[in-house]
Amino acid sequence: VINDGTNASYPYLRDNTQQPAPGLATAANNPITNLNSGNEYTSLQAAIDTADTGDTIEISQDLTLNSGVNVTESVTINGSNAGVNVTLNGSDGGVGDGDETIEVNVGATIRDLTVKRVGGSRSAQSDTAHAILVRNDTGTDISDIDVRNVDVIGQNFSHGNSTGIEILDGNSTNTANVSNVAITQSNVSGFATGMSIAAPYGGDI
């Protein structure tokens, strides 16, 4: 519930302190809304973390994120129109150039957005960089990924380890199969590799 100027009710409370959960907005006109619950957010990660399976999270204004986002709930993330930009900003070099990524760990939908991945201070070197990374590091299989009407744009990348969309079968510790991935009506530009699908860890994609 959004603050109406007189009082506020917060559906997600911490430790009975009557404080909103991190990222839950307390004023109107915030850029992120869970269309199922009606809650508004300033943080995309907080919106995902408090969502239920099947919820739709809508982004209505441009966002600039200085850290990555982990999609750990089966939700739909969509822009109110395809002109909405989500910028993953590594230009300050404050964290690793590979960290500012939308990492999809479960079946989810991303649609009607422009995702911009801005390279950081080490981007001319060898650091791995992605805009959207599909994998699960815990060994849980992923299925039903839908990327639709998404423009993925890289900026400031001059090395061969930059990839717009990468799909992997887990990591060196845990293997996870990936199935039913649909990427439609989408474009990738500004990266050395537009899209990569690889299973180096023994899984199936």
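The exercises below, each with a worked solution, concern a predicted model of a protein chain.

**Exercise 1. Confidence**

State the average pLDDT of the protein chain and find stretches where the pLDDT is under 50.

Solution. Begin with the whole chain: the average pLDDT is 81, and 76% of the residues score at least 70. Next, look at the start of the chain, where residues 1–28 stay under 50. For residues 1–28 the model has 46 contacts beyond four places in sequence. Residues 92–98 are also below 50 in pLDDT. That stretch has 18 contacts in the model beyond near neighbours in sequence.

**Exercise 2. Overall make-up**

Describe the protein chain by its helices and strands, its buried share, its contacts and its accessible surface.

Solution. Take the elements first: the protein chain has 1 helix and 15 strands. Then take burial: of the 205 residues, 45% are buried. For contacts, consider those between residues at least 6 apart in sequence; 67% of them join residues at least 24 apart. Last, the accessible surface comes to about 9400 Å², and carbon and sulfur atoms account for 40% of that surface.

**Exercise 3. The nonpolar core**

Identify the residues that touch the most other members of the largest nonpolar core, and list the contacts of Leu44.

Solution. The general background is that nonpolar side chains tend to be buried together in soluble globular proteins. In this model the largest nonpolar core has 38 residues. Leu44, Ile59 and Val104 touch the most other members. Strand 11 (residues 142–155) gives the largest share of this core, 5 residues. Now turn to Leu44 and leave out residues up to four places away in sequence: Leu44 touches Ile32, Ile57, Ile59, Leu63, Leu65, Val69 and Ile77. Ile59 therefore appears twice, as a contact of Leu44 and among the residues that touch the most other core members.

**Exercise 4. A nonpolar patch on the surface**

Name the residues of the nonpolar surface patch and decide whether Ile197 is buried or exposed.

Solution. The patch is made by Met195, Ile197 and Ile205 and covers about 280 Å². Ile197 belongs to strand 15 (residues 193–198). The relative accessibility of Ile197 is 53%. The cut-off for exposed is over 50%, so Ile197 counts as exposed.

**Exercise 5. Salt bridges**

Give the number of salt bridges, then work through the pairs Arg135 and Glu103, Asp112 and Arg111, and Arg148 and Asp146.

Solution. The structure holds 4 salt bridges.

- Arg135 and Glu103 have side chains that meet at 3.3 Å, N to O. Arg135 is in the loop between strand 10 (129–134) and strand 11, while Glu103 is in strand 8 (residues 102–104), so the pair ties together parts 32 residues apart in sequence. With a relative accessible area of 13%, Glu103 is buried.
- Asp112 and Arg111 form a salt bridge at 3.9 Å, N to O. Asp112 is partly exposed at 23% relative accessibility, and Arg111 is partly exposed at 26%.
- Arg148 and Asp146 form a salt bridge at 2.4 Å, N to O. Arg148, at 30% relative accessibility, is partly exposed. Asp146, at 17%, counts as buried, because buried means under 20%.

The last step is to look for shared partners: Glu103, Arg135 and Asp137 are joined into one network by salt bridges.

Notes
Residues are numbered from 1 along each chain as its sequence is written. This is a predicted model: local features need pLDDT of at least 70, side-chain atom pairs count only at pLDDT 80 or more; totals for chains, interfaces and linings use all residues. Side-chain values use heavy atoms; hydrogens and water are left out. pLDDT is the predictor's confidence in each residue, from 0 to 100. Contact means heavy atoms within 4.5 Å. A nonpolar core is a set of buried Ala, Val, Leu, Ile, Met, Phe, Trp, Tyr and Cys residues joined through side-chain atoms within 4.5 Å. Buried means under 20% relative accessible area, exposed over 50%, partly exposed in between (1.4 Å probe, protein chains only). Helices (H or I, at least four residues) and strands (E, at least two) are DSSP runs, numbered from the N terminus. Patches are made of residues with over 30% relative accessible area and no salt bridge: like charges are joined within 9 Å, nonpolar side chains (Val, Leu, Ile, Met, Phe, Trp, Tyr) within 5 Å. Accessible areas come from the Shrake-Rupley method with a 1.4 Å probe; for residues, only the protein chains shown count as cover.
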